[in-house]
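User: I am new to this structure and would like a close look at a single part, the surroundings of the ligand. Please take me through that part and the elements that lead into it, step by step.

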Amino acid sequence: MTKQPEKFYITTPIYYVNARPHIGHTYTTVVCDAIARRQRMLGHDTLFLTGTDEHGQKIERSAAAAGKSPQQFTDEVSGEFRTLWDRMGITYDKFIRTTSPEHKRGVQAMFTLLKERGYIYKGSWVGQYCVSDELYADDNTPGTPCPVCGRITETVEEENYFFKLSAMAEPLLKLYEENPGLIYPETRRNEVIAFVKSGLRDLSISRTTFSWGIPVPDDPAHVIYVWLDALCNYATAVGFGSPDPKDQQRYEHYWPADVHMIGKEIVRFHCVYWPAFLLAAGLPMPRQIVAHGWLLFEESKMSKSRGNIVRSETILEVLGADALRYFLFREIVFGQDGSFSFDALVQRFNSDLANGLGNLASRTLSMIQRYFGGEVPYPSATIAHTPAEAAISKLAGETITEYNRLFEAYQFSRALEALWALLSAVDKYIVETQPWAVAEKDDRDSRSRLATILYTSAEALRIISALAHPIIPDSTSKIFTQLGLSDIAKTDLNTLRWGQMNVGTRLGKIEGVFPRADKSAIERMQQMEEERKNAAEPPAIATTAAGAATAVATAPLPSAPAAAPTAAPAPVTNQITIDDFLKVELRVGTVLTAEKVEKADKLLRMTVDIGTEVRQIVAGIAKSYAPETLVGRKVVIVANLAPRKLRGIESQGMIVAASFGEEGQPALASFLEEVPNGARLK
Ligand code: ME8
Ligand code: MG
């Protein structure tokens, strides 16, 4: 029997959709992406989950402020997260939305389980609540500030369902004691233990004063507390609570999660509440909860409610995804707070990427091109091999070990430092061995020497690229292709070592991997941010001094036209920007089932697998396509269209077809090549 690959399940927090994403969200997501990519390169059966947190009072209020229904509002903002992740090269395997039917069912199953096991009771309660953090304050005095954000809390009085958190203090302390690695880093673990030791009060887990949430089973006047709802996503995403045996198997296989990655402000929810719910439910614990620090901008936490945010899109447009990804890993000491600035970003980009990796690649590749007709030369083991080569190959071996060790210990910045030390050593080696001077001599020994120098440089470049790939996937893939190597993501990191470079292979087309950035890049990015700030800002929740939460900044999202209704009609133009186009998420999917819709002769109801999920699509193509001819066929769907009902059936997307002839006959878009489900059209 072949050995099953080890599974690895990693999650990001699911982000609130009360406003659009910023680089704080990108930070967590990119860290998880690099870990997931690396786990795949280690041969592990990896599941990387991200998603959006769409229920609760905060979202309900934000939607109202934007003049939209909560569902429409959350559809739009959730779509923006997905679009950004695609542009950032995020390889999530599943995107969960808390408004999805599977999630709702799973949360209700969890509620029922906790109740059956005797951990839920109904009681009456007066307390202080912070809507911005969706958190109950420990202090019940009216006017008390929120312990997280400092805003004045609201007084809430309700009959609620309660979770017996007070009963969980001892079991939790035992859990922390027995699993010292559960909470990382140590400082957070100590804080959590101190918090639990100070005593736990029962937790209100339902609300009746608003309705945007998941109803309590058999008592729909109550909606389930948004944090119980949200935390369950990690389990519902892999099938928890589903009656389908396939989902149950998936849950058995992937649960518990190996890593929950979070920001430090939500430690209490993940390290106290979530383990308490799981203990009470009798379910396995996640293996590790990892809390990182905050990205600061202008010295305070970058956050949508403060408005001091930087958008990832700006950096993407000017420097590309890898520039931001590299910066976040290299410049921020993981676990601690770190500052973002455009100056530091551009400086890192130039020194480490453009002049560092990019320069080593173009130097090495262009010399192989020039002196060896574009074929990676064979190194000489004898006369041409000197202590300089031995030193590089030795350092490369040590760097592989050291980099792996540091990466596994979440010391990303130091891991990259070690890798770039190898890069500098190779640069120095090239300067000292002067291949361009060796190339001027025609004798056989010089030729062997030149081959050895360029082989050594190319081999080091291969190793550096493979190790850095999870962090800067786009540029390292390009370098691999230019080295004449195939799919970099398939490199086996378990066996990566010096001397595996293919010799005699032809290089791919050589091109620069990093655009150079000068001062104007900084100015451009700052200007773009200014413009974005002045243009439509999505609503944010602010709390007034009186304690009542009100929504501010009511301008619509950019996906809605921002012009005032009284404005003169703008000249008609069909031009849109690339950004506009990228808002439309076109994805490839396979039709799983297709059937006619009763009493609607034009409509077909289909289920389409788009890689990350299966969508129900209703389309008016029944006159041109018999349902059975569609099953198994690849189609293109608009994946981020707000769902709508056709003849009472929800259509979760639109199928793309050409329309021709007088009747507007449809012809489904398709491909000549084999394209996997989920592939994006752009
Ligand atoms: O808390 N620096 O969602 P959220 C670093 N829905 N990371 C940051 C950051 C910053 N300035 N700003 C945001 C929620 N983050 C809940 C989570 S999970 C079951 C529910 C990242 O939209 C960081 O990971 O407020 C933080 O924990 C998360 O975004 C909070 O996102
Ligand atoms: Mg937050």
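Analyst: A residue is counted as near a molecule if one of its heavy atoms lies within 4 Å of it, and this is the sense in which the shell around ligand 1 is described here. The model is a predicted one. In it, 25 residues surround ligand 1, and the closest are Ile14, Thr28, Asp53, Glu265 and Leu295. By type, the shell divides into 12 nonpolar, 9 polar and 4 charged residues. Strand E2 (15-16), helix H1 (23-41), helix H7 (226-231) and helix H8 (233-236) each supply at least two residues of this shell.

Several contacts to ligand 1 come from the backbone. A polar backbone atom of Tyr16 lies 3.0 Å from an oxygen atom of ligand 1, while a backbone N or O atom of Gly263 is 2.9 Å from an oxygen atom of the ligand. On the nitrogen side, a polar backbone atom of Leu295 is found 2.7 Å from a nitrogen atom of ligand 1. Taken on its own, ligand 1 has 670 Å² of accessible area, and the protein covers 96% of it.

Gly263 leads into strand E13, which spans residues 259-263. Because 5 of the 5 residues of E13 are buried, this strand is largely enclosed by the rest of the structure. Both of its faces are covered, with Val259, Met261 and Gly263 buried on one side and His260 and Ile262 buried on the other. Strand E1 (residues 7-11) pairs with E13 in the parallel sense over 2 bridges, and Ile10 stands opposite Val259 of E13. Strand E14 (residues 289-292) also runs parallel to E13 and is joined to it by 4 bridges, with His260 standing opposite Ile289 in E14.

Leu295, in turn, leads into strand E15, which covers residues 295-297. E15 pairs with E16 in the antiparallel sense over 2 bridges, and Phe297 stands opposite Ser300 in E16. These two strands belong to an open sheet of 3 strands, in the order E16-E15-E17, whose pairing is mixed. Strand E16 (300-301) and strand E17 (338-339) stand at the edges with a single partner strand each, so one side of each is left without a neighbour in the sheet.

Definitions and conventions:
Residues are numbered from 1 along each chain as its sequence is written. Chains are lettered from A and ligands numbered from 1 in the order in which they are written. This is a predicted model: local features need pLDDT of at least 70, side-chain atom pairs count only at pLDDT 80 or more; totals for chains, interfaces and linings use all residues. Side-chain values use heavy atoms; hydrogens and water are left out. A polar contact is a pair of N or O atoms within 3.5 Å; within protein, one must be able to donate a hydrogen and the other to accept it, and residues adjacent in sequence count only if both atoms are side-chain atoms. Accessible areas come from the Shrake-Rupley method with a 1.4 Å probe; for residues, only the protein chains shown count as cover. Ala, Val, Leu, Ile, Met, Phe, Trp, Tyr, Cys and Pro count as nonpolar, Asp, Glu, Lys and Arg as charged, and the others, Gly among them, as polar. Two strands pair if DSSP finds at least two bridges between them. Buried means under 20% relative accessible area, exposed over 50%, partly exposed in between (1.4 Å probe, protein chains only).
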